[in-house]
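Trainee: I have a new model in front of me and would like to learn how its labels are earned. Could we go through them together?

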Amino acid sequence: MPKITVEGEGSFELPVGKKLVLGVEDAGIDILHRCGGQAKCTTCRVVVLEGDPPPMGEVEHARLSEEEDWEGNYRLSCQMRPSNPLTVRVINRSHLKGIEPGPRPED
Ligand code: FES
(Lines give C-alpha, C1' and ligand atoms only; values in the text may rest on other atoms or scores of the structure.)
Protein backbone atom coordinates (compact mmCIF):
# COMPACT_ATOMS: atom_id res chain seq x y z
CA MET A 1 0.00 0.00 0.00
CA PRO A 2 1.48 3.36 -0.95
CA LYS A 3 2.04 5.92 1.78
CA ILE A 4 0.21 9.15 1.05
CA THR A 5 1.30 12.31 2.85
CA VAL A 6 -0.99 15.31 2.87
CA GLU A 7 0.85 18.55 3.48
CA GLY A 8 0.09 19.92 6.92
CA GLU A 9 -1.98 16.90 7.91
CA GLY A 10 0.06 13.72 8.07
CA SER A 11 0.22 10.38 6.31
CA PHE A 12 -1.89 7.32 5.70
CA GLU A 13 -1.65 4.06 3.80
CA LEU A 14 -3.81 3.95 0.68
CA PRO A 15 -5.04 0.51 -0.37
CA VAL A 16 -3.92 -0.33 -3.90
CA GLY A 17 -6.64 0.54 -6.38
CA LYS A 18 -8.42 3.01 -4.11
CA LYS A 19 -9.10 6.50 -5.39
CA LEU A 20 -6.96 9.14 -3.77
CA VAL A 21 -9.95 11.34 -2.93
CA LEU A 22 -11.51 8.54 -0.90
CA GLY A 23 -8.28 7.83 0.94
CA VAL A 24 -7.90 11.49 1.82
CA GLU A 25 -11.48 11.72 3.03
CA ASP A 26 -11.25 8.48 4.99
CA ALA A 27 -8.14 9.90 6.69
CA GLY A 28 -10.38 12.62 8.12
CA ILE A 29 -9.42 15.40 5.73
CA ASP A 30 -12.48 17.25 4.44
CA ILE A 31 -11.50 17.46 0.77
CA LEU A 32 -14.14 18.76 -1.59
CA HIS A 33 -15.57 16.51 -4.33
CA ARG A 34 -18.56 18.50 -5.41
CA CYS A 35 -19.42 16.56 -8.57
CA GLY A 36 -19.13 13.20 -6.85
CA GLY A 37 -16.05 12.08 -8.73
CA GLN A 38 -17.32 12.77 -12.25
CA ALA A 39 -14.24 14.79 -13.34
CA LYS A 40 -16.42 17.87 -13.81
CA CYS A 41 -15.93 20.22 -10.87
CA THR A 42 -12.15 20.05 -10.23
CA THR A 43 -12.77 20.81 -6.54
CA CYS A 44 -10.97 17.58 -5.64
CA ARG A 45 -7.73 18.73 -7.24
CA VAL A 46 -4.46 18.32 -5.45
CA VAL A 47 -0.92 19.45 -6.15
CA VAL A 48 1.60 16.64 -6.28
CA LEU A 49 4.59 17.85 -4.28
CA GLU A 50 6.64 14.65 -4.31
CA GLY A 51 6.41 11.21 -5.74
CA ASP A 52 5.53 9.43 -8.92
CA PRO A 53 1.81 9.74 -9.65
CA PRO A 54 0.07 7.41 -12.07
CA PRO A 55 -0.30 8.58 -15.67
CA MET A 56 -3.15 10.95 -16.36
CA GLY A 57 -6.12 9.34 -18.05
CA GLU A 58 -8.02 10.88 -20.95
CA VAL A 59 -10.94 12.11 -18.87
CA GLU A 60 -8.70 13.78 -16.31
CA HIS A 61 -6.50 15.29 -18.98
CA ALA A 62 -9.45 16.64 -20.92
CA ARG A 63 -10.95 18.32 -17.87
CA LEU A 64 -7.74 19.79 -16.51
CA SER A 65 -6.70 21.11 -19.90
CA GLU A 66 -9.73 23.43 -19.73
CA GLU A 67 -8.12 25.18 -16.75
CA GLU A 68 -5.67 28.04 -17.26
CA ASP A 69 -3.25 26.78 -14.63
CA TRP A 70 -3.35 23.10 -15.50
CA GLU A 71 0.31 23.00 -16.51
CA GLY A 72 1.24 22.87 -12.84
CA ASN A 73 1.21 19.66 -10.88
CA TYR A 74 -2.54 19.66 -10.46
CA ARG A 75 -4.29 16.32 -10.52
CA LEU A 76 -7.88 15.30 -9.93
CA SER A 77 -7.85 13.10 -6.87
CA CYS A 78 -11.13 11.50 -7.95
CA GLN A 79 -9.40 10.15 -11.05
CA MET A 80 -6.18 8.92 -9.42
CA ARG A 81 -5.42 5.50 -8.01
CA PRO A 82 -1.82 5.92 -6.85
CA SER A 83 0.42 2.91 -6.55
CA ASN A 84 3.52 4.79 -5.36
CA PRO A 85 4.16 7.01 -2.33
CA LEU A 86 3.01 10.59 -2.87
CA THR A 87 3.03 13.88 -1.05
CA VAL A 88 0.14 16.12 -2.03
CA ARG A 89 -1.40 19.46 -1.16
CA VAL A 90 -5.18 19.46 -0.89
CA ILE A 91 -6.49 22.65 -2.49
CA ASN A 92 -10.12 22.79 -1.40
CA ARG A 93 -11.31 21.98 2.11
CA SER A 94 -14.93 21.94 3.16
CA HIS A 95 -14.41 23.81 6.42
CA LEU A 96 -12.39 26.54 4.68
CA LYS A 97 -14.86 27.02 1.83
CA GLY A 98 -17.89 26.79 4.11
CA ILE A 99 -19.64 24.29 1.85
CA GLU A 100 -20.42 20.59 2.01
CA PRO A 101 -17.82 18.30 0.39
CA GLY A 102 -20.31 16.88 -2.12
CA PRO A 103 -21.51 13.35 -2.85
CA ARG A 104 -18.99 10.68 -2.05
CA PRO A 105 -17.36 9.38 -5.25
CA GLU A 106 -17.83 5.71 -6.03
CA ASP A 107 -14.78 3.55 -5.66
S1 FES B 1 -13.64 16.59 -10.47
FE2 FES B 1 -15.37 16.72 -9.20
S3 FES B 1 -14.88 15.36 -7.60
FE4 FES B 1 -13.16 15.25 -8.87
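Trainee: What makes the radius of gyration of the protein agree with a compact globule?

Mentor: The radius, taken over C-alpha atoms, is set against a rule of 2.2 Å times the number of residues to the power 0.38. For 107 residues that rule gives a value near 13 Å, and the protein has 12 Å, so the two agree. The C-alpha atoms fill a box of roughly 30 × 30 × 25 Å along the principal axes. Please keep in mind that this is a predicted model, where local features need pLDDT of at least 70, side-chain atom pairs count only at pLDDT 80 or more, and totals for chains, interfaces and linings use all residues. Residues are numbered from 1 along each chain as its sequence is written.

Trainee: How do you know how many helices and strands there are in the protein?

Mentor: They are DSSP runs numbered from the N terminus: H or I over at least four residues for a helix, E over at least two for a strand. By that count the protein has 3 helices and 5 strands, in the pattern β-β-α-β-α-β-β-α along the sequence.

Trainee: Why are strand 1 and strand 2 said to pair?

Mentor: Two strands pair if DSSP finds at least two bridges between them, so the 4 antiparallel bridges between strand 1 and strand 2 (residues 10-13) qualify. Thr5 stands opposite Ser11 in strand 2. These two strands form a hairpin with 3 residues between them, and Gly8 in the turn has a positive phi of about 80°.

Trainee: What makes the pairing of the sheet mixed?

Mentor: Strand 1 also joins strand 5 (residues 86-90) by 3 bridges, and these two run parallel. Val6 has Val88 as its bridge partner there. By contrast, strand 3 (residues 45-51) and strand 4 pair in the antiparallel sense over 3 bridges, with Val47 partnered by Tyr74. The open sheet of 5 strands has the order 2-1-5-3-4. Strand 2 and strand 4 (74-76) are its edge strands, as each pairs on one side only.

Trainee: Which residues of strand 1 are buried, and which are not?

Mentor: Buried means that 20 or more other C-beta atoms, placed from the backbone, lie within 10 Å of the residue's own (exposed is 12 or fewer, partly exposed in between). In strand 1 (residues 3-6), Ile4 and Val6 are buried and point to one face, while Lys3 and Thr5 point to the other and are not buried. Across the protein, buried residues make up 31% of the 107 residues.
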